Amino acid sequence: MGFRKPPDGGWGWVIVVVSFFTQFLCYGSPLAVGVLYVEWLDAFGEGKGKTAWVGSLANGIGLLASPVCSICVSSFGARPVAIFSGFMVAGGLMMSSFAPNIYFLYVSYGIVVGLGCGLLYTATVTITCHYFDKRRGLALGLISTGSSVGLFIYAALQRELIDLYGLDGCLLIVGALSLNILACGSLMRPLESSDSPPPEKTCVDKVPDQYFVYHEKEKTVEENISILEKGYTDEKCVSNMPDYKQDSALNKNVLSSVNVNEKDSYKKKVVEQTNFCKQLAKRKWQLYLNYWEETMVLFKNKVFSALFVAILLFDIGGFPPSLLMEDVARSANINEDDYHMPLISILGIMTAVGKLTLGILADFKWVNTLYLYVTTLLMTGVALFAIPFAKSYLTLAMLSGILGFLTGNWSIFPYVTTKTVGIEKLTHAYGVLMFFAGLGNSLGPPIVGWFYDWTQEYDTAFYFSGFCVLLGGFLLLLAALPCWNACTNQSSKLPPNTYSYKVASSA
């Protein structure tokens with residue numbers, strides 16, 4: 001069943017609004033988890049590395065599971081997935097308020113909430129792409145700012161709720177707010193089909209013709225011959241019988257022929273199902289082989305290989321400040337009276353500004369998006385090196401703003417990937433890169449926390465983070481400078497695209 005042409009408006013703007021609020025409600029708490037991180041350190045008394053796993057899982061598990069999320073949305077539709085994921089996010093947040101230890105939070109907050117956010121992101125992006133074509137970039141840009149606005153508001157909201165109702169009450173209230181995702185999801189009605197549905201096919205018609213291939217023709221012929229011979233023999237016997245016995249024999253022959261037909265149809269059905277399974281398994285195995293062959297071809301591109309290393313190192317080193325900046329301020333003995341705004345809120349609002357600004361810059365023809373992306377990596381590394389020297393709220397606030405703005409380079413990452421591998425390979429390449437981005441998100445904060453547990457200070461940890469980001473930036477720069485045109489324009493013949501593969505982007 002085909003969908004009609006995207007309307008680029010109408011109900012599509014309702015989809016944009018509800019997708020914006022969906023990302024606002026689901027990503028607000030996980031992205032602002034740094035406020036909760038400080039409270040969990042005091043509540044459970046565990047090490048910083050072990051506690052950091054909660055926030056890193058919540059932000060990384062959605063990217064790691066992006067292929068699964070895409071399959072769910074493709075199979076069930078955006079509306080059912082959004083409603084189900086709303087229950088996941090709300091339930092995970094509420095369960096986290098009853099957590100007896102940090103290991104419970106790994107499951108309730110890290111896995112349940114993180115996977116729910118990944119499903120919701122995929123659902124919002126997919127339904128928006130269905131409704132928009134010419135204005136798709138604008139629509140996706142608007143809904144992507146929902147997560148950044150959520151980070152800005154939830155950082156202050158969660159701190160205020162903790163002061164009023166405690167950590168448990170804060171998680172219960174935030175979980176209750178997340179139930180509004182159900183209302184947003186219910187408005188994500190699918191785009192109507194262009195034609196009336198075709199008449200329902202029978203079970204046999206639904207099976208492709210190429211699966212009815214029998215490699216047992218000889219056996220089938222032998223069975224048919226034996227059946228014919230048996231029928232001919234029975235007919236001769238019946239003709240030689242007396243009349244009074246012929247009727248009973250005829251009845252028996254009819255019954256036996258019915259049984260033979262039933263057995264024959266049953267055998268045929270078994271053969272059909274067996275060969276269908278064989279053909280399907282062979283086809284699926286070929287798809288997997290094609291997928292891995294195309295992946296290997298992608299890694300032959302030097303710029304793509306450097307980009308893979310850069311995104312992994314960037315997320316290992318660049319993501320921890322969004323989780324640990326509040327604890328950095330507390331470790332620097334900064335007076336809470338000096339706080340005019342949570343550092344995470346500053347980081348969040350500047351991320352939104354960075355996404356819009358860098359996205360606009362990438363549209364200028366004279367701007368090379370790869371060099372622009374490399375510049376953001378190098379500047380991020382320098383800013384991370386400066387964190388150990390920040391001993392006041394003002395300097396930490398300035399660094400938070402700079403890091404937030406540079407983190408907005410997520411908006412130009414698809415541009416860079418397209419320039420590197422071409423539009424026809426974008427989906428495959430972006431999926432591979434997003435998986436490793438999720439791996440970096442998951443590993444970064446625990447590594448920085450372990451450095452603190454080992455040295456009892458954050459200086460070494462952020463030197464390590466800055467080194468990771470700078471290393472990724474320099475490797476990408478070295479791969480791009482000598483042969484940028486050769487790498488981006490090299491044509492490697494791929495096997496035919498016989499698979500369908502979708503991915504979820506990062507928030």
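**Exercise 1.** Find how many aromatic pairs this predicted model holds, then classify the pair made by F24 and Y154.

*Solution.* The count comes to 14 aromatic pairs. For F24 and Y154, the ring centres are 5.6 Å apart and the planes meet at 70°. Edge-to-face begins over 60 degrees, so this pair is edge-to-face. Next, place the partners along the chain: F24 belongs to helix α1 (residues 11–31) and Y154 to helix α7 (residues 136–178), so the pair links distant parts of the chain, 130 residues apart. Both rings are buried, F24 with a relative accessible area of 14% and Y154 with 1%.

**Exercise 2.** Now classify the pair formed by F451 and W454, and decide whether each residue is buried or exposed.

*Solution.* Start with the geometry: 6.2 Å centre to centre and 45° between the planes, a tilted pair. Both residues sit in helix α18 (residues 426–455), three residues apart, or about one turn of the helix. Then check accessibility: F451, at 18%, is buried, whereas W454, at 67%, is exposed.

**Exercise 3.** Work out which residues join F24 and Y154 in a cluster of ring pairs.

*Solution.* Follow the ring pairs: they link F20 and F21 with F24 and Y154.

**Exercise 4.** Check the end-to-end distance of helix α2 (residues 33–44) against its expected span.

*Solution.* The helix has 12 residues; at 1.5 Å a residue, α2 should span 16 Å. Its end C-alpha atoms are 16 Å apart, so the two values agree. Just past α2, G45 takes a positive phi of about 65°.

Notes:
Residues numbered from 1 in each chain as written. Predicted model: local features only at pLDDT ≥ 70, side-chain atom pairs only at ≥ 80, totals over all residues. Heavy atoms only, no water. Helix = DSSP H or I, 4+ residues; strand = E, 2+ residues; numbered from the N terminus. Expected span 1.5 Å × (residues − 1). Phe/Tyr/Trp six-rings, centres within 6.5 Å; stacked < 30°, edge-to-face > 60°. Buried < 20%, exposed > 50% of the residue type's maximum accessible area, 1.4 Å probe, protein only.
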